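Me: I would like to go through this model step by step, with the cut-offs stated as we go.

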Amino acid sequence: MDSQIDSENEGLYELRPVARYDDASRANAATTGQTVGNAATEQGKRHGLTRYVGARHLGCVLPAVSAALGAPVPTRIHPDPERLRVELGLPHARAAIVVLVDGLGFWNLTLRRGHAAYLRNLLDDSAGSRPISTCFPATTVAAMGTFGTGTCPGLTGMTGYSQLNPRNGKICQLIAFRDAMSPQELQTQPTMFSALAGTGMRVTSIGLPKFAGSALTEAAFHGADYHGMRSMDDRVRAAAEASREPGITYLYFNECDKAGHNYGWESEQWIAAFEKVDGCLGLLRREVPRDTLIVVVADHGMVQTDPQQRIDIAATPQLSQGVALVGGEPRAPMLYVNPDVDPRDVADRWRDYLGERAWVGTRRQAIDAGLYGMVRPEVEPMIGDVIAAANDRVTIVDSRFQTDRATRLPSVHGSATVMETDVPFLIDYID
Ligand SMILES: [Zn+2]
């Protein structure tokens, strides 16, 4: 099974340009007749890492759903939710359930479609047959912020699994907000859920009990009425029940991501988790009342790693020289250099050493290329002085900063390959 994925889908493990977050230049792209998705900016062309996607971005989903529910909420970078709704093909509805399946990339889903009767049906619809893009890095923290606020990592300040906290000079881990600022200090954009709740709408969030009131939940999804439930079936029934009343329900599943990190996304355990999620969503469809819109998305996809392509910064002097701290992801490390070191020198050494194995840029290059979208000045120092995005199945870890297990996970994500950045956008309207 593994070798099949290798031989038939090699392009899926290649880096490709990071999607633009905003709508600004879409009219432009349309008038010049360029295909949306391929129209790189001048800056992007120079750095080779930006592309347009129009509305087909994870950050457009909740603004578009807000328009579908008749309460359009514009955001800092999406002024026209109704236009996003039309471009994404969402019907108007009385109630919406937005399902986020952590780690279920478009290609992870597509390559295992035989195991998922419900999701396969939605993939076959014209609306579901094309992926949307997640943010950079393709990781939960950054994607949740982007999704929950309808903006981008440069505005949410959530730029990776871990990043520098300029207040204490430490690398903070943002799943748990360990060593981090408070969620209110770090993430200053209004959340979509608080804006929707402000219109008087019912806003329900259903996930695991342990995430109730967590800092990450606060940062990305503040404003929703949270219901924590361990059992997947209970979560589904609660979502169906909530939908009797008009409004929005956010339903979260972490099972695929967890199985992927523990056993690899090509494992039997991953398939079992995937089948279970698919079964739950089929149940959801049967239980929801009429005039309910179900939208299925993911925060990122996953790649299988290759132990032969694991690079340890700590054991590679050419990579560790001048580097004080390492944050980010195994697929997209962020380097913070010593005060007397020029980040360009570090970037040059990394490029020399890694060659085709990764894209490497300074913070300035990454920001100019639009990797994080619009960036607040306070967020700039949180982003690494140097950023790498791994190609193929490469992981770039640091045994000084990460546990041994964390440096050897069978499946990971974070970089800008097709596998990691294409996520599903599936629409099911029950009339
Ligand atoms: Zn993950």
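Me: How are the donor residues of the zinc ion spaced in sequence?

Reply: This is a predicted model, in which local features need pLDDT of at least 70 and side-chain atom pairs count only at pLDDT 80 or more, while totals for chains, interfaces and linings use all residues. Residues are numbered from 1 along each chain as its sequence is written, and side-chain values use heavy atoms, with hydrogens and water left out. Donors are N, O and S atoms within 2.8 Å of the metal (3.2 Å for Na, K and Ca), and sites may look incomplete because water is not among the atoms. The spacing of the donor residues is D-x3-H-x151-H.

Me: Which residues coordinate the zinc ion, and at what distances?

Reply: Asp-257 contributes two entries, both labelled OD, whereas His-261 and His-413 each coordinate through NE2. The distances for these donors are 2.1 to 2.5 Å.

Me: Are His-261 and His-413 buried or exposed?

Reply: Buried means under 20% relative accessible area, exposed over 50%, and partly exposed in between, using a 1.4 Å probe and protein chains only. By that rule, both His-261 and His-413 are buried.

Me: Which residues form a salt bridge, and how far apart are the closest N and O atoms?

Reply: A salt bridge is a side-chain nitrogen of Lys or Arg within 4 Å of a carboxyl oxygen of Asp or Glu. Across the interface of domain 1 and domain 2, whose bounds come from an automatic or database domain assignment, the rule finds one salt bridge. Arg-331 forms a salt bridge with Glu-420, and the closest N and O atoms are 2.8 Å apart.
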